[in-house]
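The following exercises concern a single protein structure. Please study the sequence and the model, and attempt each task before reading its solution.

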Amino acid sequence: SSDGNELLIASVAAGEIIGELGVLCTEPRSATVTAMVASRGLLLSRSVVMEFIEQRPALAVAMLRRLADMVRKTTEAASDLVFLDLNQRVAKFLIDRADGSSAEIRVIQSDLAAAIGASRQRVNASLQEFQRRGWVSLASRTVRILDPEALQRLMHA
């Protein structure tokens, strides 16, 4: 935002594509990309991408699928901001990022806050409450889910 606040729109893994909107439209960029680790990328000009699309229509279909997925995720995030309170958004973030093999999420609170549209201080208070209830344990840059069912119940309350 103009006052320096951030909203995390997406995290991108190695090999993923960014900047599709900039290729397909001429409007100013709507987001900034920041690498969290040393990274390398390949920059393709708009004219090169458009030529590829003309030669290989399947590329256009793949880009449309990717953009549709982005719209779906953005709509879900907007819905969460409207219909879920802060504790529910924190619980959803944790459940969504826990995988089957580990209930340990490596995240710093400022990134979690940016991802759910909240302040770090409010996220910290929420996590402290979850820890007090025995739902999570907190360590440096790590949240371990101890009671996923409690977080699920909170999300759907």
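**Exercise 1.** Determine where leucine 42 lies and whether leucine 42 counts as buried or exposed.

*Solution.* In this predicted model, begin with the neighbouring elements: helix H1 covers 20–24 and helix H2 covers 46–55. Leucine 42 is found in the loop between these two helices. Next, consider the relative accessibility of leucine 42, which is 76%. The cut-off for an exposed residue is over 50%. Leucine 42 therefore counts as exposed.

**Exercise 2.** Identify which residues form a nonpolar patch on the surface with Leu42.

*Solution.* The other members are Leu44, Val48, Phe52 and Leu59. Taken together with Leu42, they present about 430 Å² of accessible area.

**Exercise 3.** State how many helices and strands the protein has, and in what order they run.

*Solution.* First, count the elements: there are seven helices and three strands. Then follow the chain from the N terminus, which gives the order α-α-α-α-β-α-α-β-β-α.

**Exercise 4.** Describe the protein as a whole through its box, its burial, its contacts and its surface.

*Solution.* Along the principal axes, the C-alpha atoms fill a box of roughly 60 × 35 × 30 Å. Of the 157 residues, 24% are buried. Among contacts with a separation of 6 or more, 56% come from residues 24 or more positions apart. Finally, the accessible surface amounts to about 11,300 Å², and carbon and sulfur atoms contribute 55% of it.

**Exercise 5.** State how far apart the mean positions of the positive and negative charges are.

*Solution.* The protein carries 19 positive and 18 negative charges. Their mean positions are 3 Å apart.

Definitions and conventions: Residues numbered from 1 in each chain as written. Predicted model: local features only at pLDDT ≥ 70, side-chain atom pairs only at ≥ 80, totals over all residues. Heavy atoms only, no water. Patch = residues over 30% accessible without salt bridge, like charges linked within 9 Å, V, L, I, M, F, W, Y side chains within 5 Å. Areas by Shrake-Rupley, 256 points an atom, 1.4 Å probe, with all protein chains shown as cover. Salt bridge = Lys/Arg side-chain N within 4 Å of Asp/Glu carboxyl O. Helix = DSSP H or I, 4+ residues; strand = E, 2+ residues; numbered from the N terminus. Buried < 20%, exposed > 50% of the residue type's maximum accessible area, 1.4 Å probe, protein only. Contact = heavy atoms within 4.5 Å. Lys, Arg positive; Asp, Glu negative; His and termini not counted. Charge placed at Lys NZ, Arg CZ, Asp CG, Glu CD.
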